[in-house]
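Thanks for making time this morning. I'll walk through one model, starting at a single residue and working outwards.

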Amino acid sequence: MANLNNIYHYTSFDKFKCILQNGTLRFKESTQSNDLLDTKGLENALKQMKSLKSKDNEFATFINFVIDYFKREQYKTHYTSLVSCFSLNADSRLLWDAYTIHRPSNIECAYEKNKFCFPSNLKYNGVCIAFKKDKIKSLINSYVKKACDKAFLEPINYGKGIINSRINDYLKKAALDSFKMQRTAEGQKSSLPPIYMDIFSKTYEFKLRDSLIIPALKFIFTIEERSPFYKHEFWKEEEEVRAALLIHNGNMKTYRIPQDSSGTKYFDVPISSDCIDYIILGPEFGDEEKKEILNANNCKLDFSNIKQTTSIGTGVIVSK
């Protein structure tokens, strides 16, 4: 049974060896995962919202202004999220299959041309690392203003219902902040010239008072910050907990964020053995894998000093 104080990171055997060798956990761009809609849930919901018809209503003016911002073709997020993914589930057959045994689909079958198959040496020999949740949270927070602007460790929210509910909450708060500012002399200032928008075949002028701009910007940044924590309900069974390093795109060079050969941004966070409660060896993790790890030189993390257990699938499932 999963320990509520732990979060579980599933990884292949080769990647586990890299974690031991380098003593790091890699955070990568969330948009480069196998989830085509990753970080798009809140944005897509805003793009689908209909403009409010009343041009005189202050609430409608604010809502139309912010949702039109996300509908523009020129829209680009201000932030990049580098993430590492965990689950609340320990020893999950679904997650062993999804994240520890990778099956490339472009390997020619040895028995018949024009067909494809999986190489026989791929098996369930990955590892599930039980990380201490409080240690990971403290660790990523230590990189704020050093490698990122903000850091989060939170469970994923799934489905359109929660996405729409949260957007409504964010909009209400932003609109209320705008109304409050309108009653102040500071809020009546206009730092920018007016803009013009076409709504329902008519062009309207929007005076960019600070009472409009400041709450709108806060709303936009909130949407972009929170986007990595909302996903399509297809992924719900994973019960993901996500660690995210949030970086303003203007600070990439300041934080010296590297890119891999494909151009994907990443950051390797050093971890120590005290971050790990224990590891679960995959259903087909055996003496051969142990020998290979123990024979490796100069590993930053000592495999033999980490508490280990075996999967309940050991002796139950095979990959061939």
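Start at A175. A175 is buried, with a relative accessible area of 2%. That label applies because the cut-off for buried is under 20%. Keep in mind that this is a predicted model.

Where does A175 lie? In helix α6, which covers residues 160-182. Leave out residues up to four places away in sequence, and A175 touches F59 and F62. Look also at S211. S211 is 36 residues from A175 along the chain, and their C-alpha atoms are separated by 9.6 Å.

Let's step back to the whole chain. There are 320 residues, and buried ones make up 43% of them. The chain has nine helices and 13 strands. Now the contacts. Take those in the chain with a separation of 6 or more: residues 24 or more positions apart account for 78% of them.

Next, the cores. The largest nonpolar core has 39 residues. Which of its members touch the most other members? F131, L245 and I279. Apart from that core lies another one, of 32 residues. Our starting point, A175, is among its members, and so are I213, I223 and W235.

Go back to L245 for its neighbours. Leaving aside residues within four places in sequence, L245 is in contact with F27, T80, S81, L82 and I140, among others. The list also includes C148, K150, A151, F267 and V269.

I140 takes us to helix α5, residues 133-141. The buried residues of α5 are I136, L139 and I140. They cover an arc of only 90° around the axis, so they sit on the same side of α5. The general rule helps here. An α-helix has 3.6 residues a turn, so residues three or four places apart point the same way.

Stay with α5 for the loop after it. K145 lies in the loop between α5 and β5. Its phi is near 70°, a positive value in a residue other than glycine. Is K145 buried or exposed? K145 counts as exposed because its relative accessibility is 59%.

A second residue of that kind is E239. Phi of E239 is near 45°, again positive and again not in a glycine. E239 lies in the loop between β9 and β10, with β10 covering 240-248. With a relative accessible area of 35%, E239 is partly exposed.

E239 leads to S87. S87 lies in strand β3, residues 79-87. At 2% relative accessibility, S87 counts as buried. What does S87 touch, not counting residues up to four places away in sequence? I7, Y8, Y10, L95, E238, E239, E240 and V241. Two polar distances are worth a look. The side chain of S87 reaches the backbone oxygen of E238 at 2.7 Å. A polar atom of that S87 side chain also lies 2.9 Å from the backbone nitrogen of N89.

Now the aromatics. The structure holds 13 aromatic pairs. Take F152 and F229. Their pair is edge-to-face, 5.8 Å centre to centre, with 70° between the planes. F152 lies in strand β5, residues 150-155, and F229 in the loop between α7 and β9, so the pair ties together parts that are 77 residues apart in sequence. Both F152 and F229 are buried.

F234 and W235 form another edge-to-face pair: 5.0 Å centre to centre, 90° between the planes. Here the two partners part ways on accessibility. F234 counts as exposed, at 60%. W235 counts as buried, at 13%. W235 also has a charge over its ring. K231 lies over the face of W235, at 5.2 Å from the ring centre.

One more charge of that sort. The charged end of R26 sits over the ring of Y266, 3.9 Å from its centre. And one aromatic cluster to mark on your screens: F13, F16, F285 and F303.

Let me close where we began. A175, at 2% relative accessible area, is buried. A175 belongs to the core of 32 residues, along with W235. That's my tour. Questions, please.

Technical notes. Residues are numbered from 1 along each chain as its sequence is written. This is a predicted model: local features need pLDDT of at least 70, side-chain atom pairs count only at pLDDT 80 or more; totals for chains, interfaces and linings use all residues. Side-chain values use heavy atoms; hydrogens and water are left out. Helices (H or I, at least four residues) and strands (E, at least two) are DSSP runs, numbered from the N terminus. Buried means under 20% relative accessible area, exposed over 50%, partly exposed in between (1.4 Å probe, protein chains only). A polar contact is a pair of N or O atoms within 3.5 Å; within protein, one must be able to donate a hydrogen and the other to accept it, and residues adjacent in sequence count only if both atoms are side-chain atoms. Contact means heavy atoms within 4.5 Å. The arc is that of the directions from the helix axis to the C-beta atoms. A nonpolar core is a set of buried Ala, Val, Leu, Ile, Met, Phe, Trp, Tyr and Cys residues joined through side-chain atoms within 4.5 Å. Rings of Phe, Tyr and Trp (its six-membered ring) pair if their centres lie within 6.5 Å; planes under 30 degrees apart count as stacked, over 60 as edge-to-face and the rest as tilted. A charge sits over a ring if NZ of Lys or CZ of Arg is within 6 Å of the ring centre and within 35 degrees of the ring normal.
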